[in-house]
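Trainee: Got a minute to go through this model with me? I'd like to start from one residue and work outward.

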Amino acid sequence: MEVKIMMPMRSNNWIPAVFNDLFYNDYMPKANCTAPAINVKESDNAYTVELAAPGMKKEDFNVHINDDGNLVVKMEHKEEHHEDDKTTRYLRREFSYSKYEQTLILPDDVKKEAISAKVDNGVLTVELPKIVEEKVKLSRQIDIA
């Protein structure tokens, strides 16, 4: 009679950890490949779009209305970190590059010529004012013929 003993399988979980420790440390941080978070709020008078972009400046953004009447938000940021030491050569050089583009379909009640945008503390805020329709009073005196 043959007896088989079941042994727990050993996984190689240590392999990714070794590579993570080797490549993703303080000297070589892991790249963040996620899109920025967007909030959209509505009030009686406007819609507000907020886009989180820490470290970005006003010059890094392009906000416009395209030919289809949609709001397009583009973000592009390049940064190069290096030292200008003529006595050494680079074994590694750090470059940072971020690019993002989002198209938002605007509701029909947005006053497109009054849209504004600003950047403050790493947040792009786009104000989309609503078209305010004046309420016409329907009450009037009707003459009896």
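Trainee: Is Leu128 buried or exposed?

Mentor: First, the ground rules: this is a predicted model, where local features need pLDDT of at least 70, side-chain atom pairs count only at pLDDT 80 or more, and totals for chains, interfaces and linings use all residues. Residues are numbered from 1 along each chain as its sequence is written, and side-chain values use heavy atoms, with hydrogens and water left out. Buried means under 20% relative accessible area, exposed over 50%, partly exposed in between (1.4 Å probe, protein chains only). Leu128 comes in at 3% relative accessibility, so the call is buried.

Trainee: Which strand holds Leu128?

Mentor: Strands are DSSP runs (E, at least two residues), numbered from the N terminus. On that numbering, Leu128 sits in strand S7.

Trainee: Which residues have the most contacts inside the largest nonpolar core?

Mentor: A nonpolar core is a set of buried Ala, Val, Leu, Ile, Met, Phe, Trp, Tyr and Cys residues joined through side-chain atoms within 4.5 Å. The largest one here has 15 residues. Strand S2 (46-52), S4 and strand S7 (123-129) each put in at least two of them. Those with the most contacts inside this core are Leu51, Phe61, Met75 and Leu128.

Trainee: And where does Asn70 lie?

Mentor: Asn70 is buried too, at a relative accessible area of 15%. Contact means heavy atoms within 4.5 Å, and beyond four places in sequence Asn70 touches residues including His64 and Leu106. Its place is the loop between strand S3 (61-65) and strand S4 (71-81).

Terms used:
Helix = DSSP H or I, 4+ residues; strand = E, 2+ residues; numbered from the N terminus.
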